[in-house]
Amino acid sequence: MITTTGTSAAPVVPVIPAAPAIPAVRRFVHWVAAPDVMSVPQVRARVRATLEAWAVPLDAADVLLLAVSELVGNVVRHAGAGRMRVGVAAGAGWLCLDVADQGAGLPRLPAPRAEVDLDSESGRGLLIVQLMAAELGGELSVVAREFGKSVRVRIPVA
């Protein structure tokens, strides 16, 4: 079961006729789900619908959709039991995807210019997300929390 909550606040900047597709208001929505295989496509579909409703440019939406698939997949694979929280926020020229879980282990973010084991069957997801976010001027980060962690992707939207 996935639950949804969302908020919108007052405009941050005035709307100008030639403004970008992202609205000038702060937007936030999040979902809470069990970290199981069925939640990956469900959460991805909800994020896609949100990005479409917010008229997010296609290049930014593609990065966040890849990121949500990879990050939620990592939670399913590595975090185990507990709850997972996925949030998407837009405002002040930024899009942010946040995937939090209750797992104890922290993922190792790839070092810039990381060597990839060509024979490995996994382990490239965070590197791909990091490179795609960086290509748009964004970043990938991990935040340790009291009860788990949060992996965040931020990208600018003009």
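1. The loop between H1 and H2 is where Ala 55 sits in this predicted model. Phi of Ala 55 is near 55 degrees, a positive value in a residue that is not glycine. Most residues other than glycine have a negative phi. At 40% relative accessibility, Ala 55 counts as partly exposed, because partly exposed covers the range between 20% and 50%. Along the chain, Ala 55 comes just after H1.

2. A second residue of this kind is Ala 92, with a positive phi of about 55 degrees although Ala 92 is not a glycine. Ala 92 is found in the loop between E3 and E4, the latter being strand 94-101. Its relative accessibility is 54%, and Ala 92 therefore counts as exposed, the cut-off for exposed being over 50%. Positive phi values also follow the other two helices: Gly 80, just after H2, takes about 75 degrees, and Gly 137, just after H3, takes about 90 degrees.

3. As to the overall layout, the chain holds three helices and six strands. Read from the N terminus, the order of elements is β-β-α-α-β-β-α-β-β. The chain has 158 residues, of which 36% count as buried. Among contacts between residues at least 6 apart in sequence, 64% join residues at least 24 apart.

4. Helix H1 covers residues 39-53, which is 15 residues. From first C-alpha to last, H1 reaches 21 Å, close to the 21 Å expected at 1.5 Å a residue. The buried residues of H1 are Ser 39, Val 43, Val 47, Thr 50 and Leu 51. Seen down the axis of H1, these buried residues fall within an arc of 95 degrees, so they line one face of the helix. An α-helix has 3.6 residues a turn, so residues three or four places apart point the same way. On the other side of H1, Glu 52 and Ala 53 are exposed.

5. How do H1 and H2 cross, and at roughly what angle? The axes of H1 and H2 (residues 58-79) come within 9 Å and cross at roughly 155 degrees. That makes H1 roughly antiparallel to H2, since angles over 145 degrees count as roughly antiparallel. The crossing is right-handed. On the H1 side the contact is made by Ser 39, Val 40, Val 43, Arg 44, Val 47, Arg 48 and Leu 51. On the H2 side the contributing residues are Ala 61, Leu 64, Leu 65, Leu 66, Val 68, Ser 69, Val 72, Gly 73 and Val 76. Ser 39, Val 43, Val 47 and Leu 51 are also among the buried residues of H1.

6. H2 itself has 22 residues and spans 30 Å between its first and last C-alpha, close to the 32 Å expected at 1.5 Å a residue. Its buried residues are Ala 60, Ala 61, Val 63, Leu 64, Leu 65, Ala 67, Val 68, Leu 71, Val 72, Val 75 and Ala 79. These residues pack against H1, E3, E4, H3 and E6.

7. The other helix pair is H2 with H3 (residues 125-135), packed at an angle of about 155 degrees with axes 10 Å apart. H2 and H3 are therefore roughly antiparallel to each other. The crossing of H2 and H3 is left-handed, whereas that of H1 and H2 is right-handed. From H2, Val 63, Leu 66, Ala 67, Glu 70, Leu 71 and Asn 74 take part. They meet Gly 125, Leu 126, Ile 128, Val 129, Met 132 and Ala 133 in H3.

8. Which residues of H3 are buried? They are Gly 125, Leu 126, Leu 127, Val 129, Gln 130 and Ala 133. What covers them includes H2 and two strands, E5 (139-145) and E6 (148-156).

9. A last point concerns Arg 85, which lies in strand E3 (residues 84-91). Arg 85 is partly exposed, with a relative accessible area of 27%. Leaving aside residues up to four places away in sequence, Arg 85 touches Phe 28, His 30, Trp 31, Val 32, Asp 98, Val 99 and Ala 100. Arg 85 and Ser 150 are 65 residues apart in sequence, with 8.8 Å between their C-alpha atoms.

How values were computed
Residues are numbered from 1 along each chain as its sequence is written. This is a predicted model: local features need pLDDT of at least 70, side-chain atom pairs count only at pLDDT 80 or more; totals for chains, interfaces and linings use all residues. Side-chain values use heavy atoms; hydrogens and water are left out. Helices (H or I, at least four residues) and strands (E, at least two) are DSSP runs, numbered from the N terminus. The expected span of a helix is 1.5 Å times one less than its number of residues. Buried means under 20% relative accessible area, exposed over 50%, partly exposed in between (1.4 Å probe, protein chains only). The arc is that of the directions from the helix axis to the C-beta atoms. Axes are lines fitted to C-alpha atoms, for helices over the stretch in contact, and angles run from 0 to 180 degrees between N-to-C directions. Angles under 35 degrees count as roughly parallel, over 145 as roughly antiparallel, 65 to 115 as roughly perpendicular and the rest as oblique. A crossing is left-handed if the near helix is turned anticlockwise from the far one by less than a right angle, and right-handed if clockwise. Contact means heavy atoms within 4.5 Å.
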